[in-house]
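Reader: I have a structure open and would like to talk through its empty spaces before I set anything up. Could you take me through it step by step?

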Amino acid sequence: MTTTPEGVSLGMPQLPAPDYPDDVRARLEADAREIVARYPDSRSALLPLLHLVQSQEGHVTRTGMRFCADVLNLTTAEVTAVATFYSMYRRKPSGDYQVGVCTNTLCAVMGGDAIFEALQDHLGVGNGETTDDGKVTLEHIECNAACDFAPVVMVNWEFFDNQTVASAKRLVDDLRAGAQVAPTRGAPLCTFKDTARILAGFPDEREGAVEAGGSAGPASLIGLRLAKGENVAARVVHPRGGGAPQDQPPAEHLSSHDAPQDTSASDPSHPSGPAAEEGE
């Protein structure tokens, strides 16, 4: 709907999205045919097609959604419903590098909250905003599925484990400067547009990307080992500050950390004090 500068709706429908230039549309149509051919029902190709159009402009535009609708014989409303549901589809211009800081429970306690706050100040952007040079978009995310290595930062979905405020600042500075940055695990970095094309299902052409490892940590894999019938030694986790009983050797910690860092407001030693109990 069209609105006045004061935000008053004029009740006028939005004009149709413009089409891609002929050469761009021809190239995307060739890619789209390859994607659609993978599925017995063409509308099942919508998710990878949205990644495809995202690889064109770095976010899913109205033009991109119109293209997906045309290819799959859907309405733009149907495409929009999907594009707005999944957070991996950006709805506005974003940076070459999507820097996501996990602020879910474990990462937050281990330092994720402090990292996210520090990066906002360091970059001068808020959640979901992009630096003026178009290099970095910062966002907090709920879980990176890498709790063994908390706090975790991801750049274009590649892992940077066991981060600190200092290392996270150095990471974004290197990204903005064009320096070579290597993830802790997984494939070498590429731009967000290149990542989107890979997620659309096209070959990953990064050298060593296919061979790169990025498995879960030992603690996360214990359940799998038990399911396979392997013997897993019992572990005893002692309270922070306490030691193991004298007749028992200290347990080996399989995770990357053995106690939360003093960065959460829930930590009694944090300068802001412990978190209030419910009802206080």
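Reader: Let's start with the second largest pocket, then: which element gives the largest share of its lining?
Author: The largest share of that lining comes from H7, which supplies 4 residues. Please keep in mind throughout that this is a predicted model.

Reader: Which helices supply at least two residues each to the lining of that pocket?
Author: Helix H1, residues 22-36, and H7 each supply at least two residues of the lining of the second largest pocket.

Reader: How is that lining split by class?
Author: The lining of the second largest pocket has 8 charged residues, together with 5 nonpolar and 1 polar.

Reader: And what is the volume of the second largest pocket?
Author: The volume of the second largest pocket is about 200 Å³. It is lined by 14 residues, and the closest to its centre are Asp 194, Arg 197, Ile 198, Pro 203 and Glu 205.

Reader: OK, now the largest pocket: how much space lies in it, and which residues lie nearest its centre?
Author: About 280 Å³ of space lies in the largest pocket. Its lining consists of 15 residues, and those nearest the centre are Ser 87, Met 88, Tyr 89, Arg 90 and Glu 139.

Reader: Which element gives the most to that lining, and what are the classes?
Author: E3 gives the most to the lining of the largest pocket, with 4 residues, and by class that lining has 6 nonpolar, 5 polar and 4 charged residues.

Reader: Switching to enclosed spaces, how many cavities of 30 Å³ or more does the structure hold?
Author: The structure holds 2 cavities of that volume or more. About 40 Å³ of space lies in the largest cavity, and about 30 Å³ in the second largest.

Reader: What lines the largest cavity?
Author: Its lining is made up of Arg 90, Gln 98, Gly 100, Glu 139, Ile 141, Met 154, Val 155, Asn 156 and Trp 157. Strands E1 (97-102), E3 (136-141) and E4 (153-155) each supply at least two of the lining residues, and by class the lining divides into 4 nonpolar, 3 polar and 2 charged. Arg 90 and Glu 139 are also among the residues nearest the centre of the largest pocket.

Reader: And which residues line the second largest cavity?
Author: The second largest cavity is lined by His 51, Gln 54, Met 88, Trp 157, Phe 192, Thr 195, Ala 196 and Leu 199. Helix H2 (46-57) and H7 each supply at least two of these residues, and H7 gives the most, with 4. The lining has 5 nonpolar residues, 3 polar and no charged.

Reader: Different topic: where does helix H5 bend, and by how much?
Author: Helix H5, which covers residues 105-123, bends by about 70° at Gly 111. Just after the helix, Gly 124 takes a positive phi of about 70°.

Reader: Which residues of H5 are buried, and what covers them?
Author: The buried residues of H5 are Cys 107, Ala 108, Met 110, Gly 111, Gly 112, Ile 115, Phe 116, Ala 118, Leu 119 and Leu 123. What covers them includes E1, E3, E4 and H6.

Reader: I also had Asp 161 selected; is it buried or exposed?
Author: Asp 161 has a relative accessible area of 5%, so it counts as buried. Its place is in the loop between strand E5 (158-160) and helix H6 (165-177).

Reader: Which side chain does the side chain of Asp 161 make a polar contact with?
Author: The partner is the side chain of Arg 185, at 2.7 Å. Leaving out residues up to four places away in sequence, Asp 161 touches Phe 149, Pro 151, Val 152, Thr 184 and Arg 185.

Reader: Then Gly 217: why does it count as buried, and what does it touch?
Author: Gly 217 counts as buried because its relative accessibility is 2%. Not counting residues up to four places away in sequence, Gly 217 touches Asp 148 and Phe 149, and Phe 149 is also one of the residues that Asp 161 touches. Gly 217 sits in the loop between helix H7 (192-199) and helix H8 (222-227).

Reader: Last one: how many helices and strands does the protein have?
Author: The protein has 8 helices and 5 strands, and buried residues make up 36% of its 280 residues.

Conventions: Residues numbered from 1 in each chain as written. Predicted model: local features only at pLDDT ≥ 70, side-chain atom pairs only at ≥ 80, totals over all residues. Heavy atoms only, no water. Buried < 20%, exposed > 50% of the residue type's maximum accessible area, 1.4 Å probe, protein only. Contact = heavy atoms within 4.5 Å. 1 Å grid on protein atoms, 1.4 Å probe; cavity = no way out; pocket = protein on both sides within 12 Å on 5 of 7 lines; lining within 4 Å. Points joined across faces, edges and corners; volume = space filled by probe spheres on them. Nonpolar A, V, L, I, M, F, W, Y, C, P; charged D, E, K, R; others polar. Polar contact = N/O pair within 3.5 Å; in protein donor to acceptor, adjacent residues only side chain to side chain. Bend = angle between axes of the 7 residues up to and from the residue.
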